[in-house]
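Let's walk through this one by question and answer. Have the sequence and the model open as you read.

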Amino acid sequence: MTDLSGAHLEAFLEMMSAERGAAVNTLQSYERDLRDARSFLRSRGVGLVNASADDLRSYLSHLTGEGFKSSSQARRLSALRQFYKFLYAEGLRTDEPTGILDAPKKNRALPKTLSIEDVTRLIGQAETEAEKGGEDAVAKLRMHALIELLYATGMRVSELVSLPASVLAQDGRFLIIRGKGNKERLVPLSQTAIRAMRAYGQALHREADGADSPWLFPSYGRNGYLPRQVFARDLKSLAARAGIRVAAISPHVLRHAFASHLLANGADLRAVQELLGHSDISTTQIYTHVLEERLHDLVQSHHPLAKQAKKQD
C-alpha cells in the first residue's frame with residue numbers, strides 16, 4: 001500500500017499556515033517533530049496516517065528511552081494531536097488516536113534556595129551596615145528590616161514592599177498579611193525582625209519630619225511604596241558585599257529558603273502552606289524533597305538497623 005503520509009503532512013502544514021496563521025518557527029517545529037515520528041513508525045512498518053494509539057504510545061516510550069525531557073515529549077505529542085485532528089476533520093481517519101494518550105508528566109523544577117549559613121551571612125551584612133549608619137542610614141536600616149521580615153515570614157515580595165505603616169503600631173509577635181485574593185493570614189515575627197522593623201520605623205519617622213505615608217516602605221514611585229525591582233536590585237548588591245553569588249539571590253529565593261529551612265527543621269507541610277499563603281497544598285509540595293531528605297536522615301540516625309550498620313562500618 002502506498003504511504004501517503006508525506007503528502008498529508010504537507011497538506012497539514014499548508015493548513016496550519018493558511019488557516020491558522022502559524023509562524024515559520026512553529027511550522028518548522030511541527031514538521032521536524034512529525035517527520036521524526038514518521039521515521040520511527042516507518043521503521044516498524046507503520047505509516048504515520050494509519051498509526052494506532054499503541055503505535056504512538058511506543059513512539060513516546062522510545063523518546064523516553066532516548067532521554068528526551070518530558071517537555072520535549074509533550075511538545076511532540078501536541079504536534080501529533082494537531083495532525084490527527086486535521087486527518088479526522090478531512091475525513092482521512094475515523095478516529096483520533098492521540099485522544100487516549102496521557103501527556104508526559106512534567107517534572108517541577110526544584111526552587112532555588114540558600115543555605116542557612118548564606119542567609120545568616122546576608123542578614124549579618126545588612127545588620128552591620130545598619131548599625132554603622134552614616135550616609136543613607138535610613139536606606140541601610142530599611143534593607144535590614146526588609147531582609148529580616150522576608151526571612152522571618154516568607155512573604156511574597158509584593159506583600160512585603162506594600163506593608164502598611166500601621167504594622168509599626170502592632171504589639172506582639174504576629175503580623176497580619178494581606179495576600180492574593182485579598183486573603184489575610186497571620187504570621188509570626190522573630191524578635192530580630194521586630195527590632196529591625198522598629199529601628200527602621202523610628203529613623204523613618206525622624207526623616208519624614210511629619211510627612212506621614214500610609215506605607216511602611218514609602219517611595220516616590222507610582223504606587224507610593226518601594227518597587228519590587230528596586231528591592232531586588234539592592235538585595236543583589238547586598239549579597240555581593242556579603243560574598244554571596246549574586247546570581248543565586250533574589251527576594252523569591254529568600255522566600256524559598258524560609259520554607260525549606262522550616263521543613264528541614266521539623267515543620268509540618270500544612271503549616272508551611274498556611275505561612276506561605278498557598279491556597280492549594282500541591283503548590284507547597286515542591287518542597288517535598290526537603291521532607292524526603294529529613295526522613296532519610298531521621299531513619300539513618302534513629303533506626304536500629306541503620307545504627308547497627310554504622311557500627312559495623
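Helices and strands here are DSSP runs, numbered from the N terminus, a helix needing at least four residues and a strand at least two. The model is a predicted one.

Q: How many helices and strands does the protein chain have?
A: Counting runs this way covers the whole protein chain, which has 313 residues. The tally is 14 helices and two strands.

Q: What percentage of the residues in the protein chain are buried?
A: A residue is buried when its relative accessible area is under 20%. Out of the 313 residues in the protein chain, the buried share is 41%.

Q: Which face of α11 carries R270 and E274, the buried one or the one turned away from it?
A: Start with the buried set in α11, residues 269-276: L269, V272, Q273, L275 and L276. Looking down the helix axis, these buried residues fit within an arc of 165°, so they line one face of α11. An α-helix has 3.6 residues a turn, so residues three or four places apart point the same way. R270 and E274 are exposed, and they sit on the face turned away from the buried side.

Q: Which residue puts a side-chain oxygen within 2.9 Å of the backbone nitrogen of R270?
A: Look at the start of α11, where this polar contact is made. The backbone nitrogen belongs to R270, and the side-chain oxygen comes from D268.

Q: What is the phi of G277, just after α11?
A: Helix α11 covers residues 269-276, and G277 comes just after it. The phi there is positive, at about 80°.

Q: Which residue has a positive phi although it is not a glycine?
A: Go to the loop between α5 (116-132) and α6 (137-153). The residue in question is exposed, with 54% relative accessibility. Its phi is about 55°, and the residue is D136.

Q: Is H261 buried or exposed?
A: H261 is found in helix α10, residues 251-264. Setting aside neighbours within four places in sequence, H261 is in contact with L114, S115, I116, V119 and Y151. The relative accessible area of H261 is 11%. The cut-off is under 20%, so H261 is buried.

Q: How far apart in space are P188 and L275, C-alpha to C-alpha?
A: P188 is in strand β2 and counts as partly exposed at 36% relative accessibility. Leaving out neighbours within four places in sequence, P188 is in contact with A152, T153, R173, F174 and L275. P188 and L275 are 87 residues apart in sequence, yet their C-alpha distance is 8.7 Å.

Q: Which element gives the largest share of the lining of the largest cavity?
A: One cavity of 30 Å³ or more turns up, and the largest cavity has a volume of about 70 Å³. Its lining includes V167, L168, F174, L175, I194 and M197, and the full set divides into seven nonpolar, two polar and two charged residues. Two elements, β1 (174-178) and α8 (191-208), each supply at least two lining residues. The largest share is three residues, from α8.

Q: Which element gives the largest share of the lining of the largest pocket?
A: This pocket has a volume of about 530 Å³ and is lined by 21 residues, with Y200, L204, E207, A208 and P218 nearest its centre. The lining divides into 13 nonpolar, four polar and four charged residues. Both α6 and α8 supply at least two residues. The largest share, six residues, comes from α8.

Q: Which element gives the most to the lining of the second largest pocket?
A: The second largest pocket has a volume of about 360 Å³. Its lining has 17 residues, of which R156, Q273, G277, H278 and S279 are closest to the centre. The elements giving two or more residues are β2 (184-188), α10 and α11. The most, three residues, come from α10.

Q: How do the residues lining the second largest pocket divide into nonpolar, polar and charged?
A: Gly counts as polar here, and G277 is one of the residues closest to the pocket's centre. The lining divides into two nonpolar, eight polar and seven charged.

Methods
Residues are numbered from 1 along each chain as its sequence is written. Side-chain values use heavy atoms; hydrogens and water are left out. Buried means under 20% relative accessible area, exposed over 50%, partly exposed in between (1.4 Å probe, protein chains only). The arc is that of the directions from the helix axis to the C-beta atoms. A polar contact is a pair of N or O atoms within 3.5 Å; within protein, one must be able to donate a hydrogen and the other to accept it, and residues adjacent in sequence count only if both atoms are side-chain atoms. On a 1 Å grid over the protein atoms alone, a cavity is a set of points where a 1.4 Å probe fits but cannot get out, and a pocket is an open set with protein on both sides within 12 Å along at least five of seven lines; lining residues have an atom within 4 Å of a point. Grid points are joined across faces, edges and corners, and a volume is the space filled by probe spheres set on the points. Contact means heavy atoms within 4.5 Å.
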